[in-house]
Amino acid sequence: MKLTILGGGGFRVPLVHGALLADQGEGRITEVVLHDVDTGRLAVMENVLAQQAAGHDAPPRVTATTSLTAALEGADFVFSAIRVGGLAGRVADEQVALSCGVLGQETTGPGGVAYGLRTVPVAIEIAERMADVAPSAWCINFTNPAGMVTQAMQQVLGDRVVGICDSPVGLGRRAAAALGADPAASGISYVGLNHLGWLRRLDVDGADRLPELIGDPDALLRTEEGRLFGPAWIQDLGAIPNEYLYYYYFTREAIASIRGSARTRGEFLLDQQQAFYAAARQQPGAAYAGWVRARREREETYLAEARAEGEARAEEDLAGGYEGVALALMRAIAQDAPASLILNVRNGSTVPGLPADAVVEVPCLVDSAGPRPVGVPDLTGAELGLAQQVKAVDEVAIAAARSGSARLATKALALHPLVDSVTTARVLLEGYRARIPELARILSDRTV
Ligand code: G6P
Ligand code: MN
């Protein structure tokens with residue numbers, strides 16, 4: 001089994017590799033090809049993975065290449081986690097928005113639109129190359145904004161592209177643990193879009209225990225989401241929102257907190273990551289130990305703008321988890337061993353009120369035929385309305401990126417619920433064009 005990792009020089013690659021090392025099952029991944037456009041980062045990651053594999057039985061063979069075609073040929077699975085424009089792009093996504101007084105964040109709000117605009121053309125190119133050289137491979141997309149990017153890739157590859165995220169599984173794990181239930185044995189019923197969904201049921205031993213959790217402020221406060229949204233708001237919603245909904249429900253607080261911090265998340269990561277890659281080059285022998293340290297620091301400071309000052313994350317929340325979702329998905333497909341996972345898939349008729357070709361984040365049963373939505377709760381009222389609006393933004397942004405139309409790019413920004421004026425959308429696009437060459441390059445018309 002061959003796994004190709006696009007963005008193979010990226011910081012989170014050892015998480016995926018670590019999951020593969022722990023998998024001694026039949027039909028496991030035996031070959032990993034790292035692909036990246038940056039040879040320096042590729043070399044660092046090859047070294048980190050070699051150190052990580054030390055002492056493990058039968059680790060997968062790891063090679064690296066900058067040729068996309070060579071990387072994709074013969075792949076059974078393609079894992080995509082690229083960052084078009086790098087962390088400098090992420091910083092610009094944040095800063096341009098903040099300078100307009102609106103939310104500056106990686107995937108949510110105008111920053112997510114700007115990130116999507118420059119990423120979709122690259123994702124389409126990858127999908128087209130996959131269609132050419134690896135037509136039967138499955139693509140697991142972690143590239144953000146994952147809902148939008150998965151949807152764009154599906155326009156080329158159909159259902160062979162599946163989007164993943166660690167936030168729904170993290171929410172389910174925290175909710176189950178707060179009830180003292182075994183997260184692995186709990187059924188999580190969740191519905192929405194990527195970074196915009198709600199936990200609606202939590203089945204433990206055949207019974208839905210979410211009402212009990214929602215009714216118990218102390219239990220809720222044991223979860224990150226409980227502290228983020230407050231028990232009263234969760235009770236009023238009757239569901240537990242994904243942590244990213246903080247940016248919608250507490251927009252002012254989020255903007256104030258980000259503006260009040262010394263550095264944005266992107267600025268922090270730009271410094272931290274540069275230091276990690278530089279140190280790994282200078283002291284190759286200590287590269288894996290350096291990665292472990294940097295990774296822990298990254299997790300400890302995740303979503304800091306939404307937490308009270310000095311509030312530490314729980315130890316089990318530092319585990320992340322998207323690599324577990326990726327591995328479970330590959331296993332279920334390759335072994336035809338059914339697994340229940342929350343994934344980003346084509347809607348079809350799953351969520352009435354959202355377009356059939358919209359990518360939604362819902363519980364799925366996965367086997368060798370791929371994921372199939374199962375047991376998806378209803379999405380209605382205000383939650384459906386918000387999802388419809390944000391999905392419309394995704395659609396317009398994909399059309400803008402594919403046609404190179406600045407008019408459509410402005411429209412996508414203007415329609416976003418976190419952009420408060422069409423004028424702001426125009427200023428935002430001008431700012432993004434000026435700051436992000438990868439975005440400027442894809443837009444052909446000057447008129448906004
Ligand atoms: C979670 C989300 C990802 C997002 C990441 C940001 O894992 O699911 O979609 O990219 O957080 O974390 P970072 O450490 O880059 O701020
Ligand atoms: Mn995510």
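**Reading the labels in this predicted model**

Me: Why is Asp336 called partly exposed?

Reply: Its relative accessibility is 41%. Buried means under 20% relative accessible area, exposed means over 50%, and partly exposed is in between (1.4 Å probe, protein chains only). Asp336 falls between those limits, so it counts as partly exposed.

Me: Happy to have that cleared up! What should I know about the model itself?

Reply: This is a predicted model, in which local features need pLDDT of at least 70 and side-chain atom pairs count only at pLDDT 80 or more, while totals for chains, interfaces and linings use all residues. Residues are numbered from 1 along each chain as its sequence is written, chains are lettered from A and ligands numbered from 1 in the order in which they are written, and side-chain values use heavy atoms, with hydrogens and water left out.

Me: Where is Asp336, and what is notable about its phi?

Reply: Asp336 is in the loop between helix H16 (322-335) and strand S11 (339-346). Its phi is near 55°, which is positive even though the residue is not a glycine.

Me: What makes a stretch count as a helix or a strand?

Reply: Both are DSSP runs numbered from the N terminus: a helix is H or I with at least four residues, a strand is E with at least two. The protein chain has 20 helices and 13 strands.

Me: How do you know how compact the chain is?

Reply: The radius of gyration, taken over C-alpha atoms, is set against the globule rule, 2.2 Å times the number of residues to the power 0.38. For 448 residues the rule gives 22 Å and the chain has 21 Å, so it is as compact as a globular protein of that length. The C-alpha trace spans about 60 × 50 × 45 Å along its principal axes, and buried residues make up 55% of the 448.

Me: Which residues coordinate the manganese ion, and what makes an atom a donor?

Reply: Cys165 (SG) and His195 (NE2) coordinate the manganese ion (ligand 2) at 2.2 to 2.4 Å. Donors are N, O and S atoms within 2.8 Å of the metal (3.2 Å for Na, K and Ca), so these two atoms qualify. Water is not among the atoms, so sites may look incomplete. The pair is 30 residues apart: Cys165 sits in the loop between strand S6 (161-163) and helix H7 (167-178), and His195 in the loop between strand S7 (187-193) and strand S8 (196-204).

Me: Are Cys165 and His195 buried or exposed?

Reply: Cys165 has 6% relative accessibility, so it counts as buried. His195, with 7%, is buried for the matching reason: its value is under the buried limit. His195 also has a positive phi of about 60° although it is not a glycine.

Me: Why is Gln283 called exposed?

Reply: Its relative accessible area is 53%, which is over the limit for exposed, so the label fits. Gln283 lies in the loop between helix H14 (265-282) and helix H15 (287-300). Its C-alpha atom is 34 Å from that of Ile258, 25 residues away along the chain.

Me: And what makes Asp57 exposed?

Reply: Asp57 has 58% relative accessibility, so it too is past the exposed limit. Asp57 is in the loop between helix H2 (39-53) and strand S3 (61-65). Gln24 is 33 residues from Asp57 along the chain, with 8.3 Å between their C-alpha atoms.
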